[in-house]
Amino acid sequence: MLKKEGEIRIPSGCAISGIINRSGQCSINGSEIVKSISYMHDRSNGLGGGFAGYGIYPEYADQYAFHVFYDDMSAREETERYLDRTFEMVNLSRIPTRKHPRIKNEPQIWRYFVNPIFTVLQEDQDEIDEKKFIVETVFYINTYIKGAYIFSSGKNMGVFKAVGFPEDVGEFYRLEEYDGYSWTAHGRYPTNTPGWWGGAHPFALLDYSIVHNGEISSYDANRRFIEMFDYKCTLQTDTEVITYIIDYLNRKQGLNFEDIAKIIAAPFWEEIERLPEAEAKRIKLFRNTFASLLITGPFSIILGFDGGLMALNDRLKLRSMVVGEKDNIVYLASEECAIRGICPDIENVWAPQGGEPIIIRVGK
Amino acid sequence: MAINFIHPEFEIIREEKRCIKCRACERQCANEVHSYDQEFDCMESDESKCVDCQRCVSLCPTRALKIRKTDNRYRENANWQQQAMEEIFRQADTGGVLLSSMGTPKDYPNYWDKILINASQVTNPPIDPLREPMETKVFLGKKLNKLEFDENGELLSEIPPQIELEMPIMFSAMSYGSISENAHKSLARAATELGTCYNTGEGGLNQDLYKYGANTIVQVASGRFGVHKDYLNAGAAIEIKMGQGAKPGIGGHLPGRKILEKVSRTRMIPVGVDAISPAPHHDIYSIEDLRQLIFSLKEATNYEKPVIVKIAAVHNVAAIASGIARSGADIIAIDGFRGGTGAAPTRIRDNVGIPIELALAAVDQRLRDEKIRNDVSIVIGGSIRSSADVVKAIALGADAVYIGTAALLALGCHLCRTCHTGKCNWGIATQREDLVKRLNPDIGAKRLANLVSAWNHEIMEMMGGMGINSIEALKGNRLMLRGIGMSAKELEIFGISHAGE
């Protein structure tokens, strides 16, 4: 019998794409990113596609937006009962979709805009860590409520994913009805057929979302390290563990994305030796402290976060990735065709080096 | 005279046509097996003294010699095998405890041989170490759990005391006294050339070897032989020896005849007096006592050296390791029951302790479950026989390995397992000057460096095959391992899947 994602580790190849408006204006329509990823059709095999949009919920910008897959009614009832205890629900609805000939077996897909409620005691004692609370809620529901899976949990951002080719998934979710300041997309080419929607990408936690192309050889070293810090790698995917690593380094360790890139795609020792002394000392300390968070094997990732995108390749550049610019818009993709297809007069197209992070922050 | 019940174990086969009677075998054999019969102009052998060390075989210029196991057998008995019977005869003769050297030769399961390594195909490219950088540098010691920055984003944190190694292989503890000065010199020079460390063992540090301090781990054992302030500060790290895989729960005993002038000076004990290391440290009867010794040593070295605590792999090793990790140790060294020794009671060597593979898997997982894996490094030893064993150990969760027996083999040891007699024909486990000088420390160092750098190349090849280009991404990466012919319980302890899964 075929095992579901999470019961077995499934390697996959992929296509990724990202667009961001540096000015921060929510000028990019969802159809743009759908078109971009469609040019890389052959890099997916119809077993997973998805998108993440930032700035797409201006009317609920201060609420956490939970996107949830339910297998059945009882999972939904149990989840809503659980959420009801600790969250104020500002809005809840099914996520609008359209019938699509090539998207089948859809679960119930719901969206909740919520505010966490803290007890008076917690507020008095000033011990509220809101993000930690959200992460714990997500882990609880995904682990303990059978048939429920929260796949998006950030503010003013959302993930849309399904089993299918990415362009079909985009049409299914009616992404042309959303405008954002940045988007990422993923087309999946898994080497097994789990057919589970939760296994599609992007993978997201809080406002971090990751699309990833590659198969990391360091997976179990990374997983067994990060699980010491209260993360549970239930999906056994690279994307999941990379997301947790970034959450750990950024949110818990307080490191910026430039430093995170130097940890997960660390320079080689021989490069470090050639650096100026202070910089060498800094990177040596990073590599030393977070040795088990070095990611090896091929990867190209686009990390979405509140206010920006980061693109990063493994340090040997074993996966393709190109960047292009036109006016205020920056394009990132596995292949140049995905950029030229939507921006024929693109300027400054280049391939970042292995381990060289491309970080774009809006308003900067 | 009493009847000797035991027939000699070996036969010396001398091809008379080849023998030129040069008498090299006679000169080479400290056991006095060979002799020349003037009257009949021929070489003779007393095979009852032969230990099958292969020295004469290796040095015979005409290859006229070979040693063969005798085919003289007692009556077949599956229960009472020949060795069991002979051990009874021996004890009935002497009334003594049986002694043995080196690791147990018994046929216990070897789990390294039941573990297979992964490689990349299609979805992920293998990496060629001859074309791409391939990193095997490791740091041993406590890792920081949180980095501190000042308001300008400048790092305030410093790397805690650690050992930096170019490759995850060190030479394990063998004391000066149990092995010769030239063996120690070989190890020290090789460690320096390789960018790794050797370990003094419990016999102190010979004055001539202080210059190799940066590549030396100095040991403090229950006898405290040769321990003083300069000694503690001479090395890259200090190791507290609580136990040894070949003889858990047992101390050590270096006979007085091995305590000659130089050994006596190094150990700080009189010439000719037995050096007895007690079974426990008499200031450590519990875990809180260990903490005091760790911090005494750190005080004595200004908190600049990492402290290793070495234990034997015993049944509750995971809980013991957890206690050590919480006691201020920076590195835990675990020695498996197949590990070598210069002398141990046979019954202990062959029956006490557990295989290092299981101990490592249990300790690494326990420290992770308790979220303290970052507080210590794990070094394991006890029969690492090849680079593949090293790769498997690191993928199970070790930071580095100790090799002892493999290093001695590189120096010429043929595992005759009679170190305790002090008549090592290879100049390794002896203090007899004529024998010691047979081991040239420059050649010895070269052979050790050859061995370890060959292993390191092989490690890089295997890492590259897995698509891993730095050793830290291999550490604890159990997904790269599969079991073959293991029970479900064994797989569970190792935390790996069976081949085919």
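Which side chains meet in a salt bridge at 2.4 Å, N to O? Select A:Asp230 and B:Lys371: these are the two partners, one from each chain. Keep in mind during the tour that the model is predicted.

**Stop 1: between the chains**

Stay with both chains in view. There are 7 salt bridges between chain B and chain A. Polar contacts, counted with both residues at pLDDT 80 or more, link 25 residue pairs across the two chains. Now select helix α10 of chain B, residues 356–369. This helix supplies 4 residues to the side of chain B that touches chain A, the largest share. Colour that side by residue type, and it divides into 17 nonpolar, 13 polar and 15 charged residues.

Next, show every residue in contact with the other chain. The selection holds 45 residues of chain B and 39 residues of chain A. Together the two chains bury about 3,700 Å² between them, and carbon and sulfur atoms give 54% of that area. Within chain B, pick out B:Thr123, B:Glu135 and B:Glu472. These residues lose the most area to chain A, and together they make up 16% of what the chain B side buries.

**Stop 2: the nonpolar cores**

Move to the largest nonpolar core, which has 116 residues. Select B:Ile163, B:Phe171, B:Ile334, B:Ile380 and B:Ile428, the residues that touch the most other members. Then select helix α14 of chain B, residues 441–466, which gives this core 9 residues, its largest share.

Centre the view on B:Ile334 and leave aside its neighbours within four places in sequence. What is B:Ile334 in contact with? Its contacts include B:Ile311, B:Ala313 and B:Val317, as well as B:Ile356, B:Ala359 and B:Val363. The others are B:Ile378, B:Val379, B:Ile380 and B:Gly381.

A second core, separate from this one, has 109 residues. To find it, select A:Tyr70, A:Leu206, A:Ile245 and A:Met310, which are among its members.

**Stop 3: a cysteine in a loop**

Last, select B:Cys424. The residue sits in the loop of chain B between α12 (405–411) and α13 (433–436). Is B:Cys424 buried or exposed? Its relative accessible area is 17%, and because this is under 20%, B:Cys424 counts as buried. Show its surroundings: not counting residues up to four places away in sequence, B:Cys424 touches B:Ala429, B:Thr430 and B:Leu435. Finally, draw a distance from B:Cys424 to B:Gly201, C-alpha to C-alpha. The two are 19 Å apart in space and 223 residues apart in sequence.

Technical notes
Residues are numbered from 1 along each chain as its sequence is written. Chains are lettered from A and ligands numbered from 1 in the order in which they are written. This is a predicted model: local features need pLDDT of at least 70, side-chain atom pairs count only at pLDDT 80 or more; totals for chains, interfaces and linings use all residues. Side-chain values use heavy atoms; hydrogens and water are left out. A nonpolar core is a set of buried Ala, Val, Leu, Ile, Met, Phe, Trp, Tyr and Cys residues joined through side-chain atoms within 4.5 Å. Buried means under 20% relative accessible area, exposed over 50%, partly exposed in between (1.4 Å probe, protein chains only). Helices (H or I, at least four residues) and strands (E, at least two) are DSSP runs, numbered from the N terminus. Contact means heavy atoms within 4.5 Å. Buried area is the accessible area (1.4 Å probe) that two parts lose on being put together, summed over both. A salt bridge is a side-chain nitrogen of Lys or Arg within 4 Å of a carboxyl oxygen of Asp or Glu. A polar contact is a pair of N or O atoms within 3.5 Å; within protein, one must be able to donate a hydrogen and the other to accept it, and residues adjacent in sequence count only if both atoms are side-chain atoms. Ala, Val, Leu, Ile, Met, Phe, Trp, Tyr, Cys and Pro count as nonpolar, Asp, Glu, Lys and Arg as charged, and the others, Gly among them, as polar.
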